[in-house]
Amino acid sequence: MTEALLHVANLEASYGEVKVLHGIDFTVRKGDISVVLGANGAGKTTTLRAICGQVQTTGSITFAGAEISGESTADIVRRGIAHVPQGRGTFPELSVTDNLEAGAFVRRDDEVAADIDKWLDVFPVLASRRDQLAGSLSGGEQQMLAVARAMMSRPDLLLLDEPSLGLAPIIIEDLFERLSAINRTDGMTMLIVEQNANLALAVASHAYVLEAGTIAISGEPEDLSGDEAIRRAYLGY
Amino acid sequence: MFLFAVSIDTDPELLLARILDGFRFGSGYGALALALVMIYKATGVLNFAQGELALLGIYIAWALGVGWGWPIFLAILVSMIATAGLAAGIERTVIRPFDPSNHLPLVIVTLGLFLAINSFVAVTWNTDLKALPSMFPPGDVFSVGVAHLSWSGLGIFLSALAMLGAVNLLLAKTKVGLAFRAVSSNLESAELVGIRVGPTLQFGWALAAAIGTLAGALLVPELNVLDPNVMLSTLVFAFAGAALGGLDSPKGAIIGGILVGLIRSVVVQSVSFIPSELSVGAAVFVILLVLLVRPSGLYGSSKVVRV
Amino acid sequence: MRPRLIAEGSSTHRWIQGGNWTLTIVVMIAIPFLVAIPLKPTLFGNSYTIGISNVNEAIAWAVAVLGLNILTGFNGQLSLGNSFFVGTGAYLTGVFVQTYHWSYLSTLIVVIPVCLAIGLIVGIPALRIQGLYLALVTFGLAAVFPSIAKLEQLDRFTHGSNGLSITSKLLPPSWMPIQGTLDLINKIPIIGDWTGTDHFSKRQAEGIYAYFLLVMIAGACFLLAYNLIRSRPGRALIAIRDNEIGAEVAGINLSLYKAGAFGVAALLSGVAGTMLSIDKNFVSPDDLGVNFAIFLVVGLIVGGSANLKGSLIGGFAVIFVRQWASQTNEVPLLGWGLSGPYGQMVLGVLLIGLMFVMPGGIAFGMQRLRQRVYRVVPAGPPEGRTDD
């Protein structure tokens with residue numbers, strides 16, 4: 001059993017009067033790909049936003065042994081959490097390389113240029129468009145850019161919010177293969193929120209099912225996808 | 001009484017004189033427009049108090065330069081720093097607490113600032129006419145008949161270009177410039193890459209105030225008058241320049257400002273049926289026309305509906 | 001403390017309503033007589049003046065703020081150019097009274113259609129220009145008005161930057177019981193002393209007559225606005241403000257209503273301009289520029305946006321804050337004197353401050369305060385069942 005990188009305990013989050021998370025607990029172990037599955041409105045995006053300090057929360061969020069709840073987003077990023085938001089969240093008016101450079105905003109070392117080359121190698125589609133504005137890229141390319149940009153901060157934990165959203169199936173498969181490869185080669189810990197249960201479970205080492213703001217089930221991906229009842233009730237295939 | 005016969009002056013010397021005048025004033029409008037654009041680009045807010053912040057800077061420069069006898073360069077530099085500091089404070093106290101995506105309260109706050117700063121200047125330095133000395137030597141670079149290019153005219157033009165160059169360099173080459181561009185492009189993602197959005201916008205406000213102060217200090221000696229209302233029509237011309245340039249393009253601000261200056265001194269002066277009192281009206285007409293026909297102006301990005 | 005609940009339509013409720021109305025009417029009649037000879041209260045060594053002219057100006061401003069309220073408060077189109085319409089009204093009245101010797105009131109025949117038309121014309125491009133951009137264009141409109149008024153070609157009518165003095169007097173009709181009412185008020189103990197005289201001069205009587213005239217005009221304007229807001233078109237205006245696309249797909253004709261809101265706002269503003277001319281007998285081009293327009297926004301926000309009472313409060317707030325500030329030469333505790341036109345500074349700071357503490361303005365603040373004392377609730381079922 002490897003150590004826990006992120007531990008969330010009794011997390012509640014609300015937007016104004018509306019409570020979205022009703023006290024959830026989960027753990028992301030170092031080196032794992034953990035996935036959170038659930039339907040629209042279950043609170044998946046809110047979970048990630050809560051970790052990044054973008055919503056009001058109560059409860060505890062421990063990252064690498066330190067309590068991070070209540071810290072500002074900018075500080076949490078500096079602790080080593082990178083977040084690929086839903087809908088890519090690239091900087092459309094900035095070029096591909098500027099996007100990557102912005103991703104390294106919190107770093108103070110002099111290997112940024114080398115890292116940009118490295119990630120352009122990993123995603124060759126981006127290399128051929130390095131001077132183009134991000135807004136002119138296709139959806140799939142933007143998603144690659146978003147992942148590469150997040151990796152530019154050299155995070156310890158990568159949060160991905162529905163990376164498959166709005167992409168063609170063949171591109172989704174390619175994307176998940178790459179994520180899986182990054183996980184293996186760089187040892188990158190990931191927390192992926194998905195609706196596309198089939199693909200997410202294929203790469204996951206641990207899975208949680210979120211339903212109406214609480215964790216309904218957690219377990220190994222094989223157990224979840226193997227259980228006929230769970231599959232029908234929560235995963236929809 | 002109403003003699004509205006259309007006639008257009010075509011005397012070449014006069015035309016040249018007016019073109020040079022257009023560049024002289026237009027560069028000043030462009031510089032103030034650059035300040036407006038910096039804030040619009042970052043926050044999507046039109047800062048109606050920009051002219052008044054510049055006014056305060058001009059009066060500080062006047063107090064230091066004329067009152068205390070400092071060299072005018074130094075006086076203007078110090079007043080730029082002072083207004084930048086003030087703008088940073090304003091951003092922190094009365095701008096940041098409001099939701100940046102809801103523009104109406106922010107505009108109303110800038111209107112409050114407009115009244116407060118204007119009145120502060122009038123109360124502190126009274127409303128008597130004053131004169132701010134020019135940074136540039138008197139005399140002309142060359143003259144042809146009635147047309148002449150003064151050193152100050154050339155100075156303003158080059159200063160405006162220098163400001164544009166400095167802003168572009170800052171945006172393209174520095175880390176804070178990258179942060180500024182990222183924030184103006186996508187606020188939430190800027191947060192997610194670890195950019196501290198508040199201080200970045202604060203920097204934008206401070207920079208805009210310094211630019212605006214310099215623009216005012218360049219322009220006011222040319223207008224030959226300094227009173228608390230001097231920046232008002234200038235602000236309208238600057239808004240027209242910014243709108244023409246596309247509201248979020250630094251380059252567009254300078255070019256738009258110069259075009260508005262040319263419209264003011266060439267078109268309005270040369271066409272007999274436009275009374276010269278209506279030069280502000282011409283600027284308003286430019287704003288209206290641009291927003292109706294091509295809201296993204298000459299160089300603006302096309303995501304224009306930031307209502 | 002829990003607020004007292006009062007059922008709607010109950011006798012207590014009717015008493016409160018009736019009492020409010022009676023009090024309002026009594027106060028409205030008494031005010032001009034009390035301030036016709038300006039009151040000069042002294043506070044912390046500063047002497048202040050409250051005269052009938054201030055009250056009259058404030059009433060005119062209330063109507064101007066009402067115009068802005070229709071457009072910005074209820075319809076959501078931020079205009080920084082309503083001073084243009086006020087100025088048009090003020091000048092039209094001035095010119096027709098001074099040059100053509102019309103009576104003040106009859107100039108409304110010109111002011112109302114002309115301002116309505118200008119408003120509709122401005123409203124048409126406003127269909128395509130929204131939000132901040134509209135604020136920008138209308139700001140330009142406000143900035144350009146003084147230079148139009150100062151045009152050489154119009155000098156014969158407007159007298160350029162000197163401003164237009166109107167020499168015609170507004171004489172009270174002989175049937176108006178000014179002396180009788182004064183005698184009556186003077187008999188009331190304590191309050192009677194405030195009038196300060198047994199007999200008004202001609203000038204003071206004129207002021208009182210102007211007051212009642214302005215109150216009647218303002219009353220008509222507020223009644224118009226009240227009916228408009230509660231009617232079908234009024235709901236359309238509000239719907240457009242709250243959700244433009246939603247309103248459009250619900251079948252509301254956006255162009256009609258948005259241009260119409262401009263038209264009504266311009267009409268009310270023009271009437272306010274006429275009222276200002278009646279009060280001041282003078283129109284100055286430089287008073288009708290950007291600052292005027294921004295003060296209207298101050299009045300709107302300070303009084304209460306989308307609230308008719310707020311317009312009244314806003315008009316009075318702008319005039320009296322400005323005046324009191326200019327007369328405060330010594331600030332208590334601080335000990336240093338302020339002099340000069342810093343009323344504008346106070347209003348600017350007030351505007352920003354209110355955005356923080358009371359974004360709904362004074363009218364909503366007062367409403368909340370009242371609700372802590374008593375609350376009007378819909379009448380319960382006749383059996384008298386209580387759901388506490």
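In the predicted model, strand 3 (residues 33-37) of chain A is joined to strand 8 of chain A by 5 bridges, and the two strands run parallel. Within this pairing, A:S34 is placed opposite A:L191 of strand 8. Strand 8 of chain A is also paired with strand 7 (residues 157-161) of chain A, again over 5 bridges and in the parallel sense. Here A:L157 is the residue that stands opposite A:T189 of strand 8. Strand 8 of chain A thus pairs with strand 3 and with strand 7.

The surroundings of strand 8 of chain A were examined next. This strand spans residues 189-194, and because 6 of its 6 residues are buried, it is largely enclosed by the rest of the structure. The cover extends to both faces of the strand: A:T189, A:L191 and A:V193 are buried on one side, while A:M190, A:I192 and A:E194 are buried on the other. Two of the residues named in the pairing, A:L191 and A:T189, accordingly belong to one side of the strand.

The contact between the two chains was then considered. Chain A contributes 26 residues to this contact and chain B contributes 17 residues. The area buried between chain A and chain B amounts to about 1900 Å², with carbon and sulfur atoms giving 56% of it. Of the area that chain A buries against chain B, 33% is supplied by A:F91, A:E93 and A:F105, more than by any other three residues.

Polar and charged interactions also cross the interface of chain A and chain B. The rule finds 3 salt bridges there. A salt bridge is formed by B:R181 with A:D98, whose closest N and O atoms are 2.8 Å apart. In addition, 10 residue pairs are in polar contact across the interface, both residues of each pair being at pLDDT 80 or more. On the side of chain A that touches chain B, the elements that give two or more residues are helix 2 (73-79) and helix 3 (96-103) of chain A. Helix 2 of chain A provides the largest share of that side, with 5 residues. By class, the side of chain A that touches chain B comprises 11 nonpolar, 7 polar and 8 charged residues.

A further position concerns chain B, where B:L74 lies in helix 3 (residues 72-95). With a relative accessible area of 40%, B:L74 is partly exposed. The C-alpha atoms of B:L74 and B:A84 are separated by 15 Å, the two residues being 10 residues apart along the chain.

Methods:
Residues are numbered from 1 along each chain as its sequence is written. Chains are lettered from A and ligands numbered from 1 in the order in which they are written. This is a predicted model: local features need pLDDT of at least 70, side-chain atom pairs count only at pLDDT 80 or more; totals for chains, interfaces and linings use all residues. Side-chain values use heavy atoms; hydrogens and water are left out. Contact means heavy atoms within 4.5 Å. Buried area is the accessible area (1.4 Å probe) that two parts lose on being put together, summed over both. A salt bridge is a side-chain nitrogen of Lys or Arg within 4 Å of a carboxyl oxygen of Asp or Glu. A polar contact is a pair of N or O atoms within 3.5 Å; within protein, one must be able to donate a hydrogen and the other to accept it, and residues adjacent in sequence count only if both atoms are side-chain atoms. Helices (H or I, at least four residues) and strands (E, at least two) are DSSP runs, numbered from the N terminus. Ala, Val, Leu, Ile, Met, Phe, Trp, Tyr, Cys and Pro count as nonpolar, Asp, Glu, Lys and Arg as charged, and the others, Gly among them, as polar. Buried means under 20% relative accessible area, exposed over 50%, partly exposed in between (1.4 Å probe, protein chains only). Two strands pair if DSSP finds at least two bridges between them.
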